[in-house]
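Biologist: I keep hearing labels like "buried" and "salt bridge" thrown around. Can you put the model up and justify them for me?

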Amino acid sequence: MKINFKFDNSYTQLTSMMMAKVMPAKVKLPKLVLLNYDLAEKLGLNFSSLDEKQVAELFTGNTLPEGANPIAQAYAGHQFGHLTILGDGRAIVLGEHITPTNQRYDIQFKGSGRTPYSRGGDGKAALGPMLREYIISEAMYHLNIRTTRSLAVTTTGENVMRETVLPGAILTRVAESHIRVGTFEYVAIKRDIQTLKKLLQYSIDRHYPEIKDLDKQAPEFLKLVMERQIDLITDWMRVGFIHGVMNTDNMSISGESIDFGPCAFMDYYNPKTVFSSIDHHGRYAFGNQPSIAQWNLARLADALLPLLDEDQNKAIEVGEEIIHSFKEKYEIKFHKMMKKKLGLITDEVDDVILIQELLDTMEKNKLDYTNTFRDLMNDKVNNETLKIFKDKWKIRIDKQNRSHEEVLTLMRNNNPVVIPRNHKVEESLKEAHKGNLVSFNNLLNALKDPYTERNNLALYQQPAPETDKKYKTFCGT
Ligand code: AMP
Ligand code: MG
């Protein structure tokens with residue numbers, strides 16, 4: 001029996017200034033913590049011929065799979081608005097695995113040692129944040145939201161020094177690619193038009209082949225990346241996900257959610273919600289995510305300027321026109337999404353007002369975002385304040401003359417009944433840190449079917465107790 005890795009490392013064909021060849025650092029005592037069998041199967045991979053030690057060797061990089069050609073990718077990024085040259089400082093792309101159905105995925109180690117882009121960092125990762133990325137990315141996947149996924153977590157047997165000494169770990173991440181807005185910014189800063197053209201061509205071939213044969217590709221590319229980001233942010237807004245660090249280096253060209261550092265799910269509804277300890281001004285607050293996505297896309301437009309049109313004045317015009325269309329496009333999609341959450345199938349002019357009334361009511365009364373929709377679905381609205389809304393909503397529902405089943409199905413497909421609540425995630429990570437993965441795996445299992453109401457979920461449906469109101473998240477470093 002073979003593992004079936006089939007590498008084809010097309011990224012390494014790009015200009016050499018875009019990457020550095022680096023081997024993952026050998027680790028002292030590789031140990032497997034988690035292996036995602038479901039994902040392995042989807043990738044056409046099979047590890048049953050290996051014993052656990054060999055699997056651990058593989059997912060720490062002590063042994064490399066055949067065909068891997070490890071690189072650290074160069075990129076830049078606007079971090080909290082400031083442009084910096086970055087690059088994979090603690091990550092290494094082993095290569096692109098081609099699945100039996102011909103899909104191409106980056107296989108990346110996170111936490112596998114220093115690279116030329118590590119700057120002052122140690123290139124390492126701690127177990128807690130890697131488990132956190134594992135569980136949140138898997139939760140996102142099962143919520144039907146585009147995301148990178150997690151194939152394995154291993155520990156290295158080495159300590160990493162943070163505020164305290166922590167166990168070192170490596171996450172194996174799977175992504176459609178790791179090309180970021182920041183990758184384009186990096187090439188743009190270098191003012192290397194040939195490489196910029198190559199990167200654009202490469203990104204189109206890999207993610208947007210439908211425009212491969214067009215004459216003016218750059219504007220179409222920008223529009224398509226924007227469409228995917230709008231869809232993604234709309235999905236985040238649907239489930240109350242706060243990314244937490246939407247720097248341009250954390251925005252993927254493929255439209256996947258990526259880099260689950262200080263992210264968290266909102267409990268009671270407030271667009272100003274911020275959990276990240278470093279986001280002092282709420283730049284990446286829940287309600288700011290659409291406008292930040294637009295801002296980031298404007299940085300992509302800046303980077304693409306030389307290719308948007310030969311005449312640079314025209315190029316600016318073209319870029320601005322596309323970026324300015326974001327707001328309207330997003331609002332249409334947001335509105336459609338909210339209508340689905342409320343089971344509204346037909347169109348009524350007052351739907352915008354009805355939706356806003358619900359949002360205002362939730363905010364004013366600090367109602368749990370997830371559970372409010374759940375209560376509406378289950379016809380279990382106890383809250384007096386929500387009753388006023390509910391009566392109006394019921395009238396609106398009756399007006400559309402659709403079967404109860406049809407309405408409920410639509411709502412059920414769009415409103416999760418279980419999300420990775422911060423206090424449950426923390427609780428499971430605390431246990432995992434002591435070597436006990438029971439609560440982690442229980443939570444993970446609950447999150448695998450987030451749209452189905454069933455027994456034994458109550459534990460995961462309660463919002464955090466009052467004492468948790470000051471919940472803080474940290475960048476996964
Ligand atoms: P992040 O906030 O995880 O998106 O990381 C931002 C940048 O910092 C990326 O270029 C990372 O590769 C780099 N970085 C984060 N942690 C470390 C670390 N421990 N060692 C080296 N580089 C790091
Ligand atoms: Mg990052």
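Modeller: Sure, starting with burial: buried means under 20% relative accessible area, exposed over 50%, and partly exposed in between, with a 1.4 Å probe and protein chains only. Mind that this is a predicted model, where local features need pLDDT of at least 70 and side-chain atom pairs count only at pLDDT 80 or more, while totals for chains, interfaces and linings use all residues. Residues are numbered from 1 along each chain as its sequence is written, chains are lettered from A and ligands numbered from 1 in the order in which they are written, and side-chain values use heavy atoms, with hydrogens and water left out.

Biologist: Why is Asn250 called buried?

Modeller: Its relative accessibility is 11%, so Asn250 counts as buried, given that the label needs a value under 20%. Asp259 comes out at 13% and therefore counts as buried too.

Biologist: What makes Asn250 and Asp259 ligands of the magnesium ion?

Modeller: Donors are N, O and S atoms within 2.8 Å of the metal (3.2 Å for Na, K and Ca). Asn250 through OD1 and Asp259 through OD coordinate the magnesium ion (ligand 2) at 1.8 to 2.2 Å, so they pass the 2.8 Å cut-off. Water is not among the atoms, so sites may look incomplete.

Biologist: How do you know that Glu57 and Lys53 form a salt bridge?

Modeller: The rule asks for a side-chain nitrogen of Lys or Arg within 4 Å of a carboxyl oxygen of Asp or Glu. For Glu57 and Lys53 the closest N and O atoms are 3.7 Å apart, so the pair qualifies. Both lie in helix H2 (residues 52-58), four residues apart, about one turn of the helix. Helices here are DSSP runs (H or I, at least four residues), strands are E runs of at least two, and both are numbered from the N terminus.

Biologist: Which of Glu57 and Lys53 is buried, and which is exposed?

Modeller: Glu57 is at 17%, so it counts as buried. Lys53, at 60%, counts as exposed.

Biologist: What makes Asp106 and Arg206 a salt bridge?

Modeller: Their side chains meet at 2.7 Å, N to O, which is within the 4 Å limit. Asp106 is in strand E7 (residues 104-110) and Arg206 in helix H5 (residues 193-207), so the pair ties together parts that are 100 residues apart in sequence. Asp106 and Arg206 are both buried. They also belong to a network of salt bridges that links Asp8, Glu96, Arg104, Asp106 and Arg206.

Biologist: How do you know that Lys124 bridges to Glu158?

Modeller: The closest N and O atoms of Lys124 and Glu158 are 3.8 Å apart, so they fit the 4 Å rule. Lys124 lies in the loop between E7 and helix H3 (127-142) and Glu158 in strand E8 (residues 149-161), so this pair ties together parts 34 residues apart in sequence. Lys124 has 26% relative accessibility and so counts as partly exposed.

Biologist: How many salt bridges does the rule give?

Modeller: The count comes to 35.

Biologist: What makes Glu310, Asp311, Glu317, Glu320 and Glu321 a patch?

Modeller: Patch members need over 30% relative accessible area and no salt bridge; like charges are joined within 9 Å, nonpolar side chains (Val, Leu, Ile, Met, Phe, Trp, Tyr) within 5 Å. Those five gather in a patch of negative charge on the surface, where Asp and Glu count as negative, Lys and Arg as positive, and His and the chain ends are not counted. Glu310 has 80% relative accessibility and so counts as exposed. The spot it occupies is the loop between helix H7 (289-308) and helix H8 (312-324).

Biologist: Which residues form a nonpolar patch?

Modeller: Leu83, Ile85 and Ile189 do, with about 240 Å² of accessible area together. Ile85 sits in strand E5 (residues 82-85). At 38%, Ile85 is partly exposed, so it clears the 30% bar for patches.

Biologist: What makes the phi of Asn144 worth flagging?

Modeller: Most residues other than glycine have a negative phi. Asn144 has a positive phi of about 65 degrees although it is not a glycine. Asn144 is in the loop between H3 and E8, and at 56% it is exposed. Arg191 also has a positive phi, near 55 degrees. Arg191 lies in the loop between helix H4 (181-189) and H5 and is exposed at 73%.

Terms used. Accessible areas come from the Shrake-Rupley method with a 1.4 Å probe; for residues, only the protein chains shown count as cover. The place of a charge is taken as NZ of Lys, CZ of Arg, CG of Asp or CD of Glu.
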